[in-house]
2 protein chains.
Amino acid sequence: MTEFPTGRPTVYDVARVAGVSIKTVSRVVNRSSGVSDKTRRLVLEVVNDLGYVVNPAARSLVTGSSSTIGVIVDSIADPFFASLVSVVEVRALAAGFSTQVASTWRDPQLERDQLLRMTRENISGLLLAPTMGDHDYFAATVKDVPAVLVDRGWPGSGLDVVGVNDRAGARAAVEQLLGLGHRRIAFLGDDSKLTTTAHRRAGYLDALDAAGLSVPPELDRHSLLMADPGGKAVFELLELDEPPTALFSSNSRTSLGAVRALHKRRRTDVAMISFGDFDLADALEPGITVVDHDPALIATAAVDRLLARIGGTDLVPTEILLPTPLVKRGSGELSCSPS
Amino acid sequence: MTEFPTGRPTVYDVARVAGVSIKTVSRVVNRSSGVSDKTRRLVLEVVNDLGYVVNPAARSLVTGSSSTIGVIVDSIADPFFASLVSVVEVRALAAGFSTQVASTWRDPQLERDQLLRMTRENISGLLLAPTMGDHDYFAATVKDVPAVLVDRGWPGSGLDVVGVNDRAGARAAVEQLLGLGHRRIAFLGDDSKLTTTAHRRAGYLDALDAAGLSVPPELDRHSLLMADPGGKAVFELLELDEPPTALFSSNSRTSLGAVRALHKRRRTDVAMISFGDFDLADALEPGITVVDHDPALIATAAVDRLLARIGGTDLVPTEILLPTPLVKRGSGELSCSPS
DNA sequence: CTCCCTGTTGACAGCGCTGTCTAACCAAGC
DNA sequence: GCTTGGTTAGACAGCGCTGTCAACAGGGAG
């Protein structure tokens, strides 16, 4: 046995023990061609004996790329993004990439910092759920890194966007409520500066417009803060002289608040449709009808697209829209009973 | 203006433009002492102009460490861990560390692979929610990396463990049910090979023992698979000749299934306590009483401990147990009414 | 005036790896 | 025999950075 290298073994250690050059070790480890079977087996054996693993920092320094995919979302604690990220992780790992996650908390400045941090690390690709605000800096910061936007984009990004047709999905939901006789339908949105929320609100307005209805401002609660679990707005709505007979909640977070409020006030006669599914939506009485906005579907499509781009495929930037089936569970099928 | 460096600027570019040596640039960037104010300001200006950012790969190659904290959990999609990870991320970032997350899906082999991947990357510290199975390999794989176990440990790990007193928390919950007259109390657990589940089951048994009760095997559902959303077991329990009058669910996932089943069968007269809170637990009728098992609290304590270790503080490996208050919402306060 | 000390700066090696280029080797063909 | 060409292997530079050590200037003490 040769002397034991202290610390982590390097290509030099392997080369010395195997009696070959470091370049040959590198070739074996990277599965490059030009190594005879005999040599390859010998080297692999030594690699195993010594427990050699490549040092990604050194490799990244030479190659300028790190086999890592960056994922930047509002918050990993948000169930929608948690689920999205977890699918990305699995799929990326299968393709040989590790995943780096970062949260923006919807803060444009933090988003920018996170992007900067990731580009520093020579990520191979980027998945981003952009927050509101200007992204003029983006091209300069993320230059040359393949990127795919998830869930939402910004005008003129020139990038792939994988998401759903927010406007059409919302419109379909509100049209169902209208069809049941509802005329006073409230809108719940967390922040209309977010394009998704804005599009869903547009769909809501489309449906009302088409039915010849205008929106009483007191029913249009489109800027509930991220912090407000939505409950407060619903309490207020219920106390109006002419309360809404139906709610359209534009995302899971506001829906959780709305459900809480409706149940507290025992007003489960109020119809409700949520854009975005959530745990227990099916267990409530009545079950909550949702426009299904499946994170796994979006993640899968987005990673596949990104991997194709990383692989060098030349693709025209496209908006990939996934379907949003209406899952009827009861709350969205309550007809309008005059109170 | 000097010629524009193509690609990303390096210390050489900054040094050349500023008319100093690369070492001085390095000193300024790393805030090392021994640079005059004048030089520092000059260099910073050039850094700004050129948009210089350090290359972490190169730095990591030299220093052998990457200012990254690795976090390995069952799954980022699990709300408990999602919340834990998100708190870790924020806190680590504030301390100048970025976060790498990986899921094990409770697969010991995958856990090992993820650990290996992270050690390769020269992480500065590790937070791990160990899955079941032997961890004999651990010391050899993760040598020299400060590590803190979260939520659960394994016997003889010799590492810090930050979690809750599963056994005592579970016992307190079951004792409350016993106090209300319940005698047939079912246990729901996802996998008794997980130490947390095992401890909670032990607490359940402790309480019954102390009350002089034995556990009918048909009420002890301790190995529901991860995939089973728990519902099935509860349907079966409800159809027993002598169904349980109360459920003790040992984690949020099984609780979600149980709630679903109880509500489907309209058996909200069955008492229930969940170990672990979940969304809408308070909105249900009745609200679900929970043993609060707060991921944010655990994350905070764990990161702080890890940062102290990374900082070189010499600490005796400790088990840090956080409180698990019983949050009474109704379902755990239903007394036993003979059906 | 010299010596030494402190504060500031730079030259240079080398972290572990891959890309480029060259060398050695063997078989086939003239 | 020598050339040609393909395959396998190695020498070496250099990716961008930090650690070590040496150099040098300025100023107070002897």
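Trainee: Quick one to start: does A:R305 count as buried or exposed?

Mentor: A:R305 counts as buried, because its relative accessibility is 16% and the cut-off for buried is under 20%. Keep in mind that we're looking at a predicted model.

Trainee: Okay, and where is A:R305 found?

Mentor: In helix α12 of chain A, which covers residues 295-310.

Trainee: How far apart in space are A:R305 and A:T318?

Mentor: Their C-alpha atoms are 9.9 Å apart, with the two positions 13 residues apart in sequence numbering.

Trainee: Let's switch to the DNA. How many residues surround DNA strand D, and which are the closest?

Mentor: 28 residues surround strand D, and the closest are A:T24, A:T39, B:V11, B:K23 and B:Y52. Of the atoms of strand D that come within 4 Å of the protein, 62% belong to sugar and phosphate.

Trainee: Which atom of strand D does the side chain of A:T39 meet?

Mentor: A phosphate oxygen, 2.3 Å from a polar side-chain atom of A:T39. The side chain of A:T24 has an N or O atom 2.6 Å from a phosphate oxygen of strand D. From chain B, the side chain of B:S26 places an N or O atom 2.6 Å from a phosphate oxygen of this strand.

Trainee: Which elements give two or more residues to that surface?

Mentor: In chain A they are α2 (22-29) and α4 (56-63), and in chain B they are α1 (11-18), α2 (22-29) and α4 (56-63). The largest share, 5 residues, comes from α4(B).

Trainee: What kinds of residues make up the surface near strand D?

Mentor: 13 are nonpolar, 11 polar and 4 charged.

Trainee: And strand C? Which residues come nearest there?

Mentor: A:V11, A:K23, A:Y52, B:T24 and B:T39, out of 27 residues around strand C. Sugar and phosphate make up 61% of the strand C atoms that come within 4 Å of the protein.

Trainee: What are some of the phosphate contacts of strand C?

Mentor: One is with A:N30, where a side-chain N or O atom sits 2.9 Å from a phosphate oxygen. Another is with A:R59, with a polar side-chain atom 3.0 Å from a phosphate oxygen. For B:S36 the partner is a polar backbone atom, 2.9 Å from a phosphate oxygen of strand C.

Trainee: Which element gives the most to the surface near strand C?

Mentor: That's α4(A), with 5 residues. The residues near strand C divide into 13 nonpolar, 10 polar and 4 charged.

Trainee: New topic: which residues form the nonpolar patch on the surface?

Mentor: A:L61, A:V62, B:L61 and B:V62, and together they have about 390 Å² of accessible area. The elements giving two or more residues to this patch are α4 of chain A and α4 of chain B.

Trainee: Why does A:V62 count as exposed?

Mentor: Because its relative accessibility is 72%, and exposed means over 50%.

Trainee: Now salt bridges. How many are there over all chains?

Mentor: The count comes to 42.

Trainee: Which residue of chain B does A:R266 pair with?

Mentor: B:E285, in a salt bridge of 3.7 Å from N to O. A:R266 lies in the loop between α11 and β9 of chain A and B:E285 in the loop between β9 and β10 of chain B, so this pair joins two chains. A:R266 counts as exposed at 59%, while B:E285 is partly exposed at 44%.

Trainee: What about B:D78, what does that one bridge to?

Mentor: B:R253, and their closest N and O atoms are 2.6 Å apart. The pair links distant parts of the chain, 175 residues apart, with B:D78 in a loop and B:R253 in helix α11. B:D78 is buried at 12%, whereas B:R253 is partly exposed at 26%.

Trainee: And in chain A, which side chain does A:D78 contact?

Mentor: The side chain of A:R253, in a polar contact of 2.6 Å. A:D78 is buried, with a relative accessible area of 13%. A:D78 and A:R253 belong to a network of salt bridges whose members include A:D74, A:R106 and A:D190.

Key: Residues numbered from 1 in each chain as written. Chains lettered and ligands numbered in written order. Predicted model: local features only at pLDDT ≥ 70, side-chain atom pairs only at ≥ 80, totals over all residues. Heavy atoms only, no water. Buried < 20%, exposed > 50% of the residue type's maximum accessible area, 1.4 Å probe, protein only. Polar contact = N/O pair within 3.5 Å; in protein donor to acceptor, adjacent residues only side chain to side chain. Near = heavy atom within 4 Å. Helix = DSSP H or I, 4+ residues; strand = E, 2+ residues; numbered from the N terminus. Nonpolar A, V, L, I, M, F, W, Y, C, P; charged D, E, K, R; others polar. Patch = residues over 30% accessible without salt bridge, like charges linked within 9 Å, V, L, I, M, F, W, Y side chains within 5 Å. Areas by Shrake-Rupley, 256 points an atom, 1.4 Å probe, with all protein chains shown as cover. Salt bridge = Lys/Arg side-chain N within 4 Å of Asp/Glu carboxyl O.
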